[in-house]
Amino acid sequence: MDGNIEFLGRIDGQVKIRGYRIELGEIENRLAGYSDIHEAVVIPDDRKELIAYIVIKDTLDLSDLKSYISQFLPSFMMPSYFVQIQSIPLTANGKVDKKALPDPKTNYIKKDTACCGPRNKTEKILLQIWQNVLQRDLIGIYDNFFDSGGNSLHSVKIASIASSTFNKHVSVKLIFLYPTIAELAKIIDKLEDNSDQTGKAIQLDKPLWNEHIKIERRPIATLLAIGKIPSITSIVIQCLDDQFFVETDITRQEIIDNWCNNAPIISAVHNTTLGSTAIITIPTYLSEINHNPNTFIQLIIDSIKIGGHFGAKTVSLTASLFQATDYGQKIISHERYKKEKLPKVLTGIETTVASLMMSIEKIIHSANRNIEKETVGILGLGPIAKQTLHIMRNQIPPPDQLILCDPYKSNDSLDVIRQEISQDFQLKSDIRILHNNFDEFYKASFIISTMNEPNLIDISKIRSGTLLIDCSGPHSFDVLQAITRLEDKKDILFTDGNQLCQPSPYNCTLFIPDNLESLLAEKQIHKIFNFDPSILKSSVISGLLTTPLEKNAATDKIPDLDTVLRVYKKLKKLGFRAPELNCNNYYISDESLDCFSKGN
């Protein structure tokens, strides 16, 4: 004994990766169960990527191994690197000697392809993007993106950078379909420039601009300070959307420099019937919120401090930040937040569930359907989904069948949820639980999604006649694909379940500084900042509604059914309702509704 204490980590082998608690032993057991693997150990690296060190018996097919793992474990438990070793090194006391394990970045298993260099300009640019995002030098143009350590967060970032660099719409889906640089480069070369794209555009049935929206070129914080804008009662914090300026020539860094000035800004103020809310945008993109967790939380606390300075009593978060901060726990447990007297951070679950419930009632009524004959599929089983199921049981008859699916939860936790929900719902058949078997999930005739994961739902696979509600941010399905299918076949209906229509339009002040406006055409400004001034996101309503209901403002508690019902009824009493079926400013026409009702 030399008096020094060595921290060996959690004895239960549990780690937290991108907000998910993961049992390393569970992954190791699955790997050891694969026929060609003799032994395995899984550890996280300094970037919170999972590394699987494996001792194989003879040969190994990496694609087959990944397919095997995906049958049992969710995508966030899939190792980013697979490294073949002769034996697992051990310390003198029999523990894994992590220092003796090889560097995964130079020793990972790849498919049998040579590390070929780029052959043209597009491949060269893509290679540089992949190397920067994946933080890896040894990448060939035939190497698979996912075999090289890529994950969904990386794909969002690469899609955004590639779109900005090539001035073309490079979607995340393209990276999934064409996962090598050689394949993706060919597709990008065939894409048209954003400025010349013709294709089917999203048609806006609402006016682009009206008297309720005012553009302000002076900093809103200054106007609040001198009383030119009414004082605020709450704030909503959001990050930068990776797709926000994707159809412009502006780079990601120019947005941070010219709009945010590399600091949180008050980007808008909504003056509603309940009070005024400031929207504060932090200079971080959605795809990057997990890259530097401490800086991310500090930016949120900076934003809260700004809101408190101007009189805000409550703070709400958009859906993506809500999940990334573990329902606000990472904020309120931070030493800086606890030391300073700052506004209360709300979960906003009760208003989100209330708006989702109203959207459920709206789409059932619009489609002229009977919920008792529906097979309802719930995607994502967090607190919002569970409270939505409870309020559904309280407000409407039970469905014919219920399918619950969450690819990020273990089978044991899904069984617990099934038992909990079964006590509330008296169904004719058992509640079906699915881990990641989406073929079975597509048997649902009414899908409700609360996942904040893009494109989990394949629009081409859902049944004809399906109703789809999504309160995610970003949406869990491709909205343009849904619009195209609706207009071509008239056999699906969909809507955003995270918004409510207030009794009268609200006035909004938008901050667009001169240096940003000079980089945008007027048409681009209208498209980017277009919205309906009668519709509010539930996160905006949460702070305004919760201020007089202080007992609902506790972040450390998931609201019970009584609280959710009280907020739901209060919103209805105040005249709030679900808007007409819409998503991303696309409103489903009466003609489409009539065609759907007659054919389904």
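The legends below describe close-up views of a predicted model.

**Figure 1. Confidence along the chain of the predicted model.** The mean pLDDT of the chain is 81, and 83% of the residues score at least 70. Residues 1-12 keep a pLDDT under 50, and for this stretch the model has two contacts beyond four places in sequence. Residues 195-209 also have a pLDDT below 50; here the model shows 27 contacts beyond near neighbours in sequence.

**Figure 2. The open sheet of seven strands.** The strand order is E6-E19-E8-E9-E7-E10-E11, and the pairing is mixed. Strand E6 (213-216) and strand E11 (344-345) stand at the edges. Each of these two has a single partner strand, so one side of each is left without a neighbour in the sheet.

**Figure 3. Pairing of strands E8 and E9 within the seven-stranded sheet.** E8 spans residues 265-272 and E9 spans residues 275-285. The two strands pair in the antiparallel sense, over seven bridges. Ile266 stands opposite Ile280 of E9.

**Figure 4. Helices H9 and H10 lying across strands of the sheet.** Helix H9 (residues 252-260) lies across strand E7 (234-240), E8, E9 and strand E19 (507-511). The direction of H9 is at about 140° to E9. Helix H10 (residues 293-309) lies across E7, E8, E9, strand E10 (314-317) and E11, and runs at about 155° to E9.

**Figure 5. Packing of helix H14 against helix H22.** H14 covers residues 349-367 and H22 covers residues 561-573. Their axes are 9 Å apart and the packing angle is about 60°. With angles of 65 to 115 degrees counted as roughly perpendicular and those under 35 as roughly parallel, H14 and H22 are therefore oblique to each other. The crossing of H14 past H22 is right-handed. On the H14 side, the contact is made by Glu350, Thr351, Val353, Ala354, Met357, Met358 and Glu361. On the H22 side, Val564, Val567, Tyr568, Leu571 and Lys572 take part. By class, the residues of the contact of H14 with H22 are eight nonpolar, one polar and three charged.

**Figure 6. Crossing of helix H15 with helix H22.** The axes of H15 (residues 383-395) and H22 come within 10 Å and cross at roughly 65°. H15 and H22 are therefore roughly perpendicular to each other. H15 passes H22 in a right-handed crossing. From H15, the residues Gln387, His390, Ile391, Asn394 and Gln395 meet Leu561, Val564, Leu565 and Tyr568 of H22. The contact of H15 with H22 contains five nonpolar and four polar residues, and no charged ones. Val564 and Tyr568 of H22 appear in the contact with H14 and also in the contact with H15.

**Figure 7. The open sheet of six strands.** The order is E14-E13-E12-E15-E16-E17, with parallel pairing. Strand E14 (432-434) and strand E17 (492-496) are the edge strands, and each pairs on one side only. On average, neighbouring strands of this sheet are turned by 15° against each other, direction ignored.

**Figure 8. Pairing of strands E12 and E15 within the six-stranded sheet.** E12 (residues 375-379) and E15 (residues 446-449) pair in the parallel sense over four bridges. Gly377 has Ile447 of E15 as its bridge partner.

Notes:
Residues numbered from 1 in each chain as written. Predicted model: local features only at pLDDT ≥ 70, side-chain atom pairs only at ≥ 80, totals over all residues. Heavy atoms only, no water. Pairing = 2+ DSSP bridges. Contact = heavy atoms within 4.5 Å. Axes fitted to C-alpha atoms, helices over the stretch in contact; angles between N-to-C directions. pLDDT = per-residue confidence, 0-100. Parallel < 35°, antiparallel > 145°, perpendicular 65-115°, else oblique. Left-handed = near helix turned anticlockwise from the far one by under 90°. Nonpolar A, V, L, I, M, F, W, Y, C, P; charged D, E, K, R; others polar.
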